[in-house]
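Subject: Structure handover

Dear colleague,

The structure is below, for you to take over from here. My notes on what was found in it follow.

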Amino acid sequence: MDLKDQINKSLEGDLDSFNQIVIEFQNLVYNQAYRILGEPGTAEDATQEAFISAYKKLHTYRGGSFKSWLLRIVSNACYDEFRRRKRQPVSPLFPENKQGNEVDSASWLEDPGEKPEDSLLRNELSEAIQICLDRLEFEFRTIVILVDLQGMDYASAAEVIDRPLGTVKSRLARARRNLQDCLQSFRELLPVEFRHVGEV
Amino acid sequence: MQITDKDWVQLSAYLDGELSGRDLNQLRKRMLSDPQLQSALEQLKITKQILRTAPHVPAPRNFTLTPKMVGFKPKKPTYPRYRLAAVVTSFLLIGVLVLDLGRFVNIGAMAPTAPIYYREVSQESVPEAAADAVEEPSLLVAEGEVDQDQMKAELEDQPADEPAASIAVEEAIGEPVSEGMAEDELDSRTLEKDITGAENLAEEKEETFLGYQVSSTQTLETEPTTSVFDLEEEVHPPERETGVSFLRILEIVLGVGVLGFSAAAWFRRKKPS
């Protein structure tokens, strides 16, 4: 069964057909969410939300690139998650329990989102890239991920973020320059052939 | 020469093969003469390559959706409803059949009595019954021929041993019975007038006479009691239904219902919607 048939069956309410689409695209969608949000747990939530939203809004898909349509949904889900995270209160310097008493526990210092398997995936260069991506503004980051990590062309990227082609061009150029500057601070992590970057 | 923002945009687009036409030709010409542009292009190229080295993070789990996630309520199969309807209709059909069978048995049990009753009734002709009735004064009262109070008064005036039928005779012959008349003559005249008067009366009131029944225990002192009954209903045997009865129609309807519901349940079960 090809993608078109799966979409048609999903539109008829066949959840199994849609789940086949989910399995086919979940790596792409999760990777996009992970690179935009930078946290595995949050990326999982955004990915799940994106697929639920995609199922509910499937009737709005009017043909064209399904990948672009799906990445647009996940980018919106990530943006919602990003805004939600910004609204969250800052953690206190000294942790408190529900009663307001100070908690002296080493577990507080642990990163709850970081798991051993995540650490394996996050090699040093990848971490450096992620740090630099996180420093970009949301829309700049999304464009860079779409074009440089997902390998999309400008037109598709423009379709995903719903912006004109000229905006994609200019924001991508600016994002690349910012990333170039950021990566210079991680020069020791770069492969030897890349270490001369910025030594112009 | 300082590299402007526009230069960076054109270099970035050139790197991705998104620059075309006059912009592409101009940039190529400038890069040949401007080493800074070449260096900037090289930096962008390396940055892009570094970004491409970022590992593709696989999904840590399946993100397949469940009906609960999408608020989707699976459709309940409809065949149990049809099956239930078929069962209920079957029971109703059985009930109606039992009712119909019981009715048939009852009619069969009544069958021998009806003709006997009919024969008994038919043995007595209407005029004879009317003549018998005329002899009873109370019947006249009942008929309204004689006023009840007047009759009582007359009876009180008469000797106790005088038969009450003489009143009827007087009424019938139209003249009073004389005291000096010989008893035999009186009897014969009374009998003749009685019969003729009764026959005339019976002819006139044939229908209404038969509509009354005189109580055998009634006396002159007591109020004459009459009971009205429907003659047609008494005389004729129960009517046989000639057309299709209501129960038959109900049986047919319920039978069709049972078949229909059963078929629907079977089809729905085989091919759930």
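Helices here are DSSP runs of H or I with at least four residues, strands are runs of E with at least two, and both are numbered from the N terminus. By that count, chain A has 9 helices and 0 strands, and its order of elements from the N terminus is α-α-α-α-α-α-α-α-α. Please keep in mind that this is a predicted model.

Chain totals

Chain A has 200 residues, of which 34% are buried. Of the contacts in chain A with a separation of 6 or more, 60% are between residues 24 or more positions apart. Chain B has 13 helices and 2 strands. Its length is 273 residues, and buried residues make up 16% of them. For contacts in chain B between residues at least 6 apart in sequence, the share that joins residues at least 24 apart is 71%.

Contact between the chains

On the chain A side, 41 residues are in contact with chain B, where 31 residues take part. Two or more residues each come from α2 (15-37), α3 (40-56), α6 (124-134), α7 (138-149) and α9 (165-184) of chain A. The most come from α2(A), which gives 10 residues. Sorted by class, this side of chain A consists of 25 nonpolar, 10 polar and 6 charged residues.

α2 against α7 in chain A

Two of the helices that touch chain B, α2(A) and α7(A), also pack against each other, at an angle of about 135° and with their axes 10 Å apart. Angles over 145 degrees would count as roughly antiparallel, so α2(A) is oblique to α7(A). The crossing of α2(A) past α7(A) is right-handed. From α2(A), the residues that meet α7(A) are Gln32(A), Arg35(A) and Ile36(A); their counterparts in α7(A) are Arg141(A), Thr142(A), Ile145(A) and Leu149(A). This contact is made up of 3 nonpolar, 2 polar and 2 charged residues.

Helix α8 and the residue after it

Helix α8 of chain A covers residues 154-161, and 7 of its 8 residues are buried, so the rest of the structure largely encloses it. The buried ones are Tyr154(A), Ser156(A), Ala157(A), Ala158(A), Glu159(A), Val160(A) and Ile161(A). Their cover includes α4 (66-87), α7 and α9 of chain A.

Directly after α8(A) comes Asp162(A), with a positive phi of about 60°. Most residues other than glycine have a negative phi, so this one may be worth a look. Asp162(A) sits in the loop between α8 and α9 of chain A. It has 10 C-beta neighbours inside 10 Å and therefore counts as exposed, the limit for that being 12 or fewer.

A buried alanine in α3

Ala54(A) belongs to helix α3 of chain A. Is it buried or exposed? It counts as buried, because 25 C-beta neighbours lie inside 10 Å and the threshold is 20 or more. Beyond its neighbours within four places in sequence, Ala54(A) is in contact with Leu70(A) and Ile73(A). From Ala54(A) to Val74(A) the C-alpha to C-alpha distance is 8.7 Å, with their positions 20 residues apart in sequence.

Regards

How values were computed:
Residues are numbered from 1 along each chain as its sequence is written. Chains are lettered from A and ligands numbered from 1 in the order in which they are written. This is a predicted model: local features need pLDDT of at least 70, side-chain atom pairs count only at pLDDT 80 or more; totals for chains, interfaces and linings use all residues. Two residues are in contact if their C-beta atoms, placed from the backbone, lie within 7 Å. Ala, Val, Leu, Ile, Met, Phe, Trp, Tyr, Cys and Pro count as nonpolar, Asp, Glu, Lys and Arg as charged, and the others, Gly among them, as polar. Axes are lines fitted to C-alpha atoms, for helices over the stretch in contact, and angles run from 0 to 180 degrees between N-to-C directions. Angles under 35 degrees count as roughly parallel, over 145 as roughly antiparallel, 65 to 115 as roughly perpendicular and the rest as oblique. A crossing is left-handed if the near helix is turned anticlockwise from the far one by less than a right angle, and right-handed if clockwise.
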